[in-house]
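Grab a coffee and open the viewer. Here are a few exercises to work through, each with a solution you can follow step by step.

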Amino acid sequence: MNHSVTVSAPGKLLLFGDHAVVYGYPSVVTAVGKRLQVTIARADVSKPMIDAPQVKDTRFVEAALRAFGKKNAISMPRIKLATFSPFSGRYGFGSSSAVTVATIKALSIYFEKPITTRELFDMSYQVVVEIQGVGSGFDVAAASYGGTLYYKKGGVVLENIGGEAVKRMPLVVGYTGIKSNTVEIVNRVAINLKNEPGKGKRIMGSIGQLVEQTIEPLQTGDWARVGKLMDFNQEYLRDLGVSSEKLENLISAAKRAGAYGAKLSGAGGGDCMIAVVPAYKMQAVKDSITKASGEVLDVQTNAEGVKVEK
Ligand code: MEV
């Protein structure tokens, strides 16, 4: 048994396929360099001690401990677990999924019970669904595998996009300053879909088809095409009713300043927007987002998946 272990997992940004991914359509997600760390160490306590200030609540950590303990028939009273992250949960980078993946990976090392990346993904996805009730698991995939992934709900399809170009995607990220409530928005979309099934299916199907067209330009670095597809994706999300005034303002600001294309990323309502931008317009787009009262975030995409730090 190790004395102490620290593991980190990356956050995520959904590039394409938001919401439709919940209904089984494909999506493209990239792991981001905003990482969440989990340290597990021996402690003289009678039940696991959890110090997780970076996550909304500790239910994900607790459920991860339960799931790992059950699978490996281990009771683990004498440990303390602490999280650390330089990024705040408020940006919507997926701190719940990152903490779940990092916790299970750290436990596997601490208790010397090797786990494959697929097993890590599957166990973490079950934990997130148990606690959150809804979700496609794209965030769990990004935290486990890293890179930029073509992904379908539950990991039925989970492939790295591949190619060198995607590693250098010229992406600008703007935060609206508003925390969006994913579960509430996903549930609202589900109600709308029941009320207007024809419209809902049409939009979801169109997003699914659009996602298929993004793979090649992402692989070859055809950013003008990627941007155009972001614009189309945003139109569908707007029709779905999940955009907001603030998101639209930041998206317009990016476009005005020369972005190839822009869209919201994630559930909508708030959180972040993303834009693909020609290199020579980078600064102009950032300035324009800031002027529209957005917060430009410095985000590295295509980040490495879960890893042992020490
Ligand atoms: C939320 O970040 C993205 C959604 O597609 C939900 C999910 O896929 O879990 C709206």
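**Exercise 1: Placing a tyrosine**

Tyr 91 sits in the loop that links strand 4 (79-84) to helix 2. Keep in mind that this is a predicted model.

Task: Work out whether Tyr 91 is buried or exposed, and find which residues Tyr 91 touches beyond four places in sequence.

Solution:
- Step 1. Check the accessibility: the relative value for Tyr 91 is 12%, and buried means under 20%, so Tyr 91 counts as buried.
- Step 2. List the partners: Tyr 91 touches Tyr 175, Asp 271, Cys 272, Glu 295 and Leu 297, leaving out residues up to four places away in sequence.
- Step 3. Pick up one of those partners, Asp 271. Asp 271 lies in the loop between strand 8 (261-265) and strand 9, and at 6% relative accessibility counts as buried.

**Exercise 2: Two odd backbones**

Task: Compare Asp 271 with Glu 112. What is the phi of Asp 271, and what is the phi of Glu 112?

Solution:
- Step 1. Recall the usual case: most residues other than glycine have a negative phi.
- Step 2. Read the angles. Asp 271 isn't a glycine, yet has a positive phi of about 55°; Glu 112 isn't one either, and its phi is also positive, about 55°.
- Step 3. Look at the surroundings. Glu 112 is in the loop between helix 2 and helix 3 (117-132), and with a relative accessible area of 49% it is partly exposed, whereas Asp 271 is buried.

**Exercise 3: Helix against helix**

Task: Describe how helix 1 and helix 2 pack, giving the angle and the distance between their axes.

Solution:
- Step 1. Take the geometry: helix 1 (residues 59-72) and helix 2 (residues 95-110) meet at about 35°, and their axes are 9 Å apart.
- Step 2. Add the hand: this crossing is right-handed.
- Step 3. Find the contact residues. Helix 1 brings Phe 60, Val 61, Ala 64, Leu 65 and Phe 68, while helix 2 brings Ser 96, Val 99, Thr 100, Thr 103, Ile 104, Leu 107 and Ser 108.
- Step 4. Sort them: 8 are nonpolar, 4 are polar and none is charged.

**Exercise 4: One side of a helix**

Task: Which residues of helix 9 (residues 282-291) are buried, and what do they pack against?

Solution:
- Step 1. The buried ones are Val 285, Ser 288 and Ile 289.
- Step 2. They lie on the same side of helix 9, because they cover an arc of only 100° around the axis.
- Step 3. Their packing partners are strand 7 (171-175), helix 8 (245-256), strand 9 (272-276) and strand 10 (295-297).

Key:
Residues numbered from 1 in each chain as written. Predicted model: local features only at pLDDT ≥ 70, side-chain atom pairs only at ≥ 80, totals over all residues. Heavy atoms only, no water. Axes fitted to C-alpha atoms, helices over the stretch in contact; angles between N-to-C directions. Helix = DSSP H or I, 4+ residues; strand = E, 2+ residues; numbered from the N terminus. Left-handed = near helix turned anticlockwise from the far one by under 90°. Contact = heavy atoms within 4.5 Å. Nonpolar A, V, L, I, M, F, W, Y, C, P; charged D, E, K, R; others polar. Buried < 20%, exposed > 50% of the residue type's maximum accessible area, 1.4 Å probe, protein only. Arc of directions from axis to C-beta.
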